[in-house]
Amino acid sequence: LIDIAFYPWRAQEYRATLSQHYLKTAIAHLEAGAWSKAVFSLRLSIAKNKNQREARRILADIYNQIQRTDLSIQILEIGMVEAKDDAEYLRRLLSFLRQEKQHRRIIEIGTELLPSSLETNTVTKEITANQEIVYHLAQAHLDLEQGQRAKELLSEWKLDRTLRGQIFLTDVDHAQGYPRIAILKLEQLHEKTKEDRIILKLIRLYRKLDRLEDARRIALQRVFLSPESAGARIDLIALSQATGDYETMEREFDTFLQTFSEDQRALSLLANTVIGFPRPDLAIQIRDIAPKDESGRPPALYQISVMQAQCSLGEYKNALKTGTALDHYPQLSTVNLSNINLMRAWANYGLGEPLKGDSWLKLSLSEDYASMISDTFLLVNRLRDLGQTEDMRRVLLKLVERSQGNPLPLMTLAQHDLGISNWRGVLEYLPDLFAMDPEPTQILQTISRDLPEDLTLPTELRAKLDLFY
């Protein structure tokens, strides 16, 4: 009788334990790159415990990455009532809704979850969560061109008195066609608070309005206010380069090297910034000043940055020479080896040696480490920005072959091919798109709608595709 009496409690406890087990299993699968297995384990975790928020968050993020944000929203909405005091959970759900431009749904959810008045908030966690809802609710009204209602919401919840609220109100001013007023208010806030986020907002707004000189001016103020901030100096270096103030850029660059010569993180951030300049000599200077090992060699990271800068400028032969120098480094990490071979692939593609490039790319993709796919995507994005679309597609094809179970490379390849109407290419991997779990609805709808009539498909594939029309 006692066992029977305690059975409901024990059953609930058992299911919660199983849910946590499946969550840990899913995380292990993700770390190993086994996405399909991770999705299966996450679904089991949620099935065992409907209030398993972490599993819902992770699964929603996976769905979002494969452009099934509709499923991300669905999985988070189911658990939103129990998570009404979880600001991070609600932020994720409302952000996905905004991403899908479901502004009215945000307003519906916000109205449902918010208490009737401010006075009912007594718990700190609830106050934080409610404030998060209010900001998203106000943003939804702003996205629907209801700026006045957005202002009223912040006023009702007394958020117009907070720094975040005042910054948001400058967004309202800008959206309502008053960018000068927005900038003026931000500058006034800057005078009062001297907070870094105000300056960053001003820099972004100036850049958006193509007021690069003003952005450079405020970036210079940021350096004066935070002379020890590596980020502030890097912003000034980048903006000086963008505005053609090369004298200031070089002076700040030299000052940076003197100030942060022992700070490898700061030097690596600078190296990543100057890669985009048509100045591989800057990457070389960073490499030369970086701390050396007992044999007088700089860290491989900076040699790789030099290789990337040289490839960006089309100095492919010099890039290969830099790569040769790296052959003498003992015990290079798997990550560094992979990135070196990525740069060698890029250089050979640039020199018109696609077979050699493919060989180096294959060698790079043979390495097994956590950021392999994201590192290769950096090359994909760089080739796209430089207009080397044929080389970019070659890299994507190899990445799709290598990363079975990870949907991102195939999704990116499909988006690229659809953008240039490469239907022959799309048809080659159409069965793989149908095999994805969940299916990439938007891409399949585009294919179904735009596929030329003169292209023949097997009857089974045509029937599947017609379901998405």
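This is a short talk about the helices, salt bridges, aromatic pairs and buried residues of one protein chain.

Hi everyone, and thanks for coming. Please keep in mind throughout that we are looking at a predicted model.

Let's begin with the whole chain. How many helices and strands are there in the protein chain? The count is 26 helices and 0 strands. The C-alpha atoms fill a box of roughly 75 × 65 × 60 Å, taken along the principal axes. Of the 469 residues in the chain, 46% are buried. Here is one more number for the overall picture. If we take contacts between residues at least 6 apart in sequence, 53% of them join residues at least 24 apart.

Now let's zoom in on two helices. Two packed helices are described by the angle between their axes and the distance between the axes. My example is helix α20, residues 354-365, with helix α22, residues 389-402. Their axes come within 10 Å and cross at roughly 35 degrees. The crossing of α20 past α22 is right-handed. Which residues meet there? From α20 we have P354, D358, L361 and L365, and from α22 we have R394, V395, K398, L399 and R402. Sorted by class, that contact between α20 and α22 has 5 nonpolar, no polar and 4 charged residues.

Next, salt bridges. Side chains of opposite charge can pair when their charged atoms come close. In this model the count comes to 37 salt bridges. Let me show you three of them.

The pair to start with is R53 and D85, whose side chains meet at 3.7 Å, N to O. R53 sits in helix α3, residues 53-65, while D85 is in the loop between α4 and α5, so to speak a link between distant parts of the chain, 32 residues apart. D85 is partly exposed, because its relative accessible area is 22%, and the cut-off for buried is under 20%.

Then look at R91 and E132, which form a salt bridge at 3.0 Å, N to O. R91 lies in helix α5 and E132 in helix α7, residues 124-143, so this pair ties together parts that are 41 residues apart in sequence. Are these two partners buried or exposed? R91 is partly exposed, with a relative accessible area of 29%, whereas E132 is buried at 4%.

The third pair is R217 and D214, at 3.6 Å, N to O. Both lie in helix α12, residues 212-225, and they are 3 residues apart, about one turn of the helix. R217 counts as partly exposed, because its relative accessibility is 33%. Salt bridges can also share partners, and in this model such sharing joins D61, E88, R91, R92, E132 and R164 into one network. You will recognise R91 and E132 from a moment ago.

On to the aromatic rings. A pair of aromatic rings is described by the distance of the centres and the angle of the planes. The structure holds 3 aromatic pairs, and I'll describe two. F256 and F260 form a tilted pair, 4.6 Å centre to centre, with 40 degrees between the planes. F256 is buried at 0% relative accessible area, and F260 is buried too, at 8%. The other pair is F434 with F468: the ring centres are 6.2 Å apart and the planes stand at 50 degrees, so this pair is tilted. F434 lies in helix α24, residues 423-435, and F468 in the segment after α26, so the pair ties together parts that are 34 residues apart in sequence. Both F434 and F468 are buried.

Let me finish with two single residues. S240 has its place in helix α13, residues 230-242. It counts as buried because its relative accessibility is 0%. What does S240 touch, leaving out residues up to four places away in sequence? The answer is R216, D245, Y246, T248 and M249.

A129 is found in helix α7, and A129 is buried as well, with a relative accessible area of 0%. Leaving aside neighbours within four places in sequence, A129 is in contact with K84, D85, D86, A87 and L90. D85 is a familiar name by now, from the salt bridge with R53. A129 and K84 are 45 residues apart in sequence, and their C-alpha atoms are 6.8 Å apart in space.

That's it from me, thanks for listening!

How values were computed: Residues are numbered from 1 along each chain as its sequence is written. This is a predicted model: local features need pLDDT of at least 70, side-chain atom pairs count only at pLDDT 80 or more; totals for chains, interfaces and linings use all residues. Side-chain values use heavy atoms; hydrogens and water are left out. Axes are lines fitted to C-alpha atoms, for helices over the stretch in contact, and angles run from 0 to 180 degrees between N-to-C directions. Helices (H or I, at least four residues) and strands (E, at least two) are DSSP runs, numbered from the N terminus. A crossing is left-handed if the near helix is turned anticlockwise from the far one by less than a right angle, and right-handed if clockwise. Contact means heavy atoms within 4.5 Å. Ala, Val, Leu, Ile, Met, Phe, Trp, Tyr, Cys and Pro count as nonpolar, Asp, Glu, Lys and Arg as charged, and the others, Gly among them, as polar. A salt bridge is a side-chain nitrogen of Lys or Arg within 4 Å of a carboxyl oxygen of Asp or Glu. Buried means under 20% relative accessible area, exposed over 50%, partly exposed in between (1.4 Å probe, protein chains only). Rings of Phe, Tyr and Trp (its six-membered ring) pair if their centres lie within 6.5 Å; planes under 30 degrees apart count as stacked, over 60 as edge-to-face and the rest as tilted.
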